[in-house]
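Trainee: Please take me through a close look at one part of this model, starting with how the chain is divided. After that, add whatever else in the structure deserves a careful reading.

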Amino acid sequence: MSSRVELINAGLLRSDGRRPYELRTISINFGAQGTADGSVTYSHGLTQVRVSVQGPHEAKPGTRRETFHDRATLNVEVQLAPFGVGERRRRGRGDKRLLELAATIKSTFEPVVQTHLYPRSTIDIFIHVLQLDGGLLPACINASTLALATAGIPLFDFVCAISGGVHGTQPLLDLTTVEENDVPSVVVGVMPRTGRATLVQMETRLHMDRFEDVFRVACDAGKVLWSEMRDALRERTGDLVDKLEAGPGMVAVKETEET
Amino acid sequence: MASISKAEKAYVQSSLLSNPPLRADGRGLIDFRTIALESGIAPIANGSARVSIGTNAQDGGGGTEVVAAAKLEVESVGDGEGVDGGRVVCSVSCSPTAYPLLSPNALDDLQHDMTSVLNATLSHPTIRPKNLCILPGRKSWLLNLDVIVFSDAGNIFDAIFMAARAALWDTKVPRTKSVQYRAKKSDRSDATQAMDMDVDETAHVGSALDTRQTIEVADFELPDYWDEGEPLNGRQAWPVCLTLNLLPALHFLDATLQEEASVPLKLLVFYSFLSDATPLLRGMRLLGTGVSDLVQVNSLLKDGEKYARNVWLALEGKLKDEDLRRNQKARERFLNR
């Protein structure tokens, strides 16, 4: 018996029992967080991130010179909970990996957010990673899309991101940490309505012949994610509309009951 | 943390000092907002809890929210910072969401202040749990308690200490078994024969009268067992914090951000109430720009003890409820499924 974990067995099942193209469970919670304008807790399998969006608002004093006269700037900050990863390690604000992650997210959203509507202002995206089991960047991007949408910031399109990899010749979707460590992986962020990709990131080597397969599958998976995310947003907006319509009347009824 | 104008400050102060005292949300001076607690929220940590104070029921926003999690790691005693018998290290980090107006550097300062208060109280050797020791003099557990402030709507220290106490209450220390390596008698004689050395065999055999026993435990292993381990020893002893907000003539509890900004002085008291013993004051801090005197502090300590006991009792009840919910009730639900 080899000491390595068998990533795909003879029946084409992965180490956690999924089929190659099967995604992990997604749960989206729009519970408010403090004073944020838009917030979401997004869990994808065992990866869990909290994103809150503030703005667009006037830049903080001291960072005002970083704003542009014709568009809003995006400010992305990523923090990692020390207890969320297997080996506890404190990563400060200056940690290179987190800064890189933040820069990637920022450049992903810059063409998607309609920043020209808010000149000289800032939109803050604060990301807190609570648990990590692979697919960190896709989870951050999907959650940020949802949080921006709940904050009412105009977007050209959704960004739906997913990681993909290849084991042997078999393309895989939505890798866990174990799989990420072993197989070459690609992160693809698609804009599902226009069908364009706003992010393709690959840090490992992958054979050219295989890339197209993974890329196609990942683009399709992006569309699947889109339907999930859209449904969640629709439900929330529906709730808000219901409350808006029922609002004052409900309060009046409650008061009469109490008196 | 909120900055408010002089007029707002005067408004808040005068309404607190009026008779009867008035607060913006209609509470009395010593009333708390609603507190919610949930433990076991981080499956990778050894113990965790989430506490929120005063979130509104409709959407769960607008209150103070704090998450604490304890994680254990093995540490060698002697080299580096390891201490015989284990140690507890606390840290507080603030999400920028909680303090959107602060610059990153100011945020660092703030979390450093909070860390020092928490660490000074909880990592004190007198409340160190006994079962953090693995092999005396060689290996011990290092307990990292990480607290994250997700949003602050006032009374942050009470929330941090409540979350910390709940997380430590929830912490399970994995069971360990000491192991010792010893060559078999027969192996050893074989080896000496094979090497054909002139070794005095009797030298290995100790005197029959020698009852001294040198226990040389070399290492430990984690036995495979169905549960996560045993709770920390003396988990009742972790203190609760109570913040008394002081105006010259009166004090009040559980201040909102506006109220915090309009009082010159806060007194934090850390109490633990062990059964039937006299309450233990684990520490106190005077925060703010104002001054106080011994007589006032003395009477405040007495009042603080009274309020802290209520907080303690409520928290104790809730923690036992959570234990029940996560163990017994979960098991019943599993069986009746």
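Mentor: Chain B is divided into two domains: domain 1 covers 6-175 + 225-335, and domain 2 covers 176-202 + 218-224. This is a predicted model, and what follows should be read with that in mind. The C-alpha centres of domain 1 and domain 2 of chain B are 51 Å apart. Contact between them involves nine residues of domain 1 of chain B and ten residues of domain 2 of chain B.

B:Tyr307 is a good place to look closely at chain B. The residue sits in helix H6 of chain B, which runs over residues 294-335. Its relative accessible area is 12%, so B:Tyr307 counts as buried, the cut-off for that being under 20%. Which residues does B:Tyr307 touch, not counting residues up to four places away in sequence? They are B:Ile30, B:Leu242, B:Leu244, B:His251 and B:Leu253. With one of these, B:His251, the side chain of B:Tyr307 also makes a side-chain polar contact, at 3.1 Å. A different pairing, B:Tyr307 with B:Leu168, spans 139 residues in sequence and 22 Å in space, C-alpha to C-alpha.

A second buried side chain in chain B is that of B:Gln111, and its relative accessible area is 12%. B:Gln111 belongs to helix H2 of chain B, residues 104-122. Leaving aside neighbours within four places in sequence, its contacts are B:Val92, B:Ser93 and B:Cys94.

Next, the backbone. Most residues other than glycine have a negative phi, and most peptide bonds are trans. Chain B has an exception of each kind. B:Asp254 is not a glycine, yet its phi is positive, near 50°. B:Asp254 is found in the loop between strand S12 (251-253) and helix H5 (257-262) of chain B. Its relative accessibility is 0%, so B:Asp254 is buried. The cis bond in this chain joins B:Asn19 to B:Pro20, with omega near -5°. B:Pro20 lies in the loop that connects helix H1 (6-17) to strand S1 (35-39) of chain B.

Chain A has a matching pair of backbone points. The peptide bond between A:Gly55 and A:Pro56 is cis, with omega about 0°. A:Pro56 lies within strand S3 of chain A, residues 47-58. The positive phi in this chain is that of A:Arg120, at about 60°, and A:Arg120 is not a glycine. Is A:Arg120 buried or exposed? A:Arg120 is exposed, with a relative accessible area of 54%. The residue is placed in the loop between helix H1 (96-109) and strand S5 (121-131) of chain A.

That loop leads back to helix H1 of chain A, which can be described in some detail. H1(A) has 14 residues, and its first and last C-alpha atoms are 20 Å apart, close to the 20 Å expected at 1.5 Å a residue. The buried residues in H1(A) are A:Leu98, A:Leu101, A:Ala102, A:Thr104, A:Ile105, A:Thr108 and A:Phe109. Seen down the axis of H1(A), these buried residues fall within an arc of 160°, so they line one face of the helix. An α-helix has 3.6 residues a turn, so residues three or four places apart point the same way. Among the elements that cover the buried residues of H1(A) are strand S4 (73-80), S5, helix H2 (136-150) and strand S9 (196-202) of chain A. The N-terminal end of H1(A) is capped by A:Asp95, with a side-chain oxygen 3.2 Å from the backbone nitrogen of A:Arg97.

For wider context in chain A, UniProt, in an unreviewed entry, lists "domain: Exoribonuclease phosphorolytic" for residues 22-154 and 157-220. Residues 22-154 of chain A are 22% helix and 32% strand, and the end C-alpha atoms of that stretch are 31 Å apart. Residues 157-220 of chain A are 30% helix and 41% strand, with end C-alpha atoms 16 Å apart.

One last residue in chain A is A:Gly17, placed in the segment before strand S1 (26-29) of chain A. With a relative accessibility of 45%, A:Gly17 counts as partly exposed. A:Gly17 and A:Leu7 are ten residues apart in sequence and 9.9 Å apart in space, C-alpha to C-alpha.

How values were computed
Residues are numbered from 1 along each chain as its sequence is written. Chains are lettered from A and ligands numbered from 1 in the order in which they are written. This is a predicted model: local features need pLDDT of at least 70, side-chain atom pairs count only at pLDDT 80 or more; totals for chains, interfaces and linings use all residues. Side-chain values use heavy atoms; hydrogens and water are left out. Helices (H or I, at least four residues) and strands (E, at least two) are DSSP runs, numbered from the N terminus. Buried means under 20% relative accessible area, exposed over 50%, partly exposed in between (1.4 Å probe, protein chains only). The expected span of a helix is 1.5 Å times one less than its number of residues. The arc is that of the directions from the helix axis to the C-beta atoms. Contact means heavy atoms within 4.5 Å. A polar contact is a pair of N or O atoms within 3.5 Å; within protein, one must be able to donate a hydrogen and the other to accept it, and residues adjacent in sequence count only if both atoms are side-chain atoms. UniProt positions are given in the numbering used here, feature names are shortened, and annotations may be inferred rather than shown by experiment. Domain bounds come from an automatic or database domain assignment.
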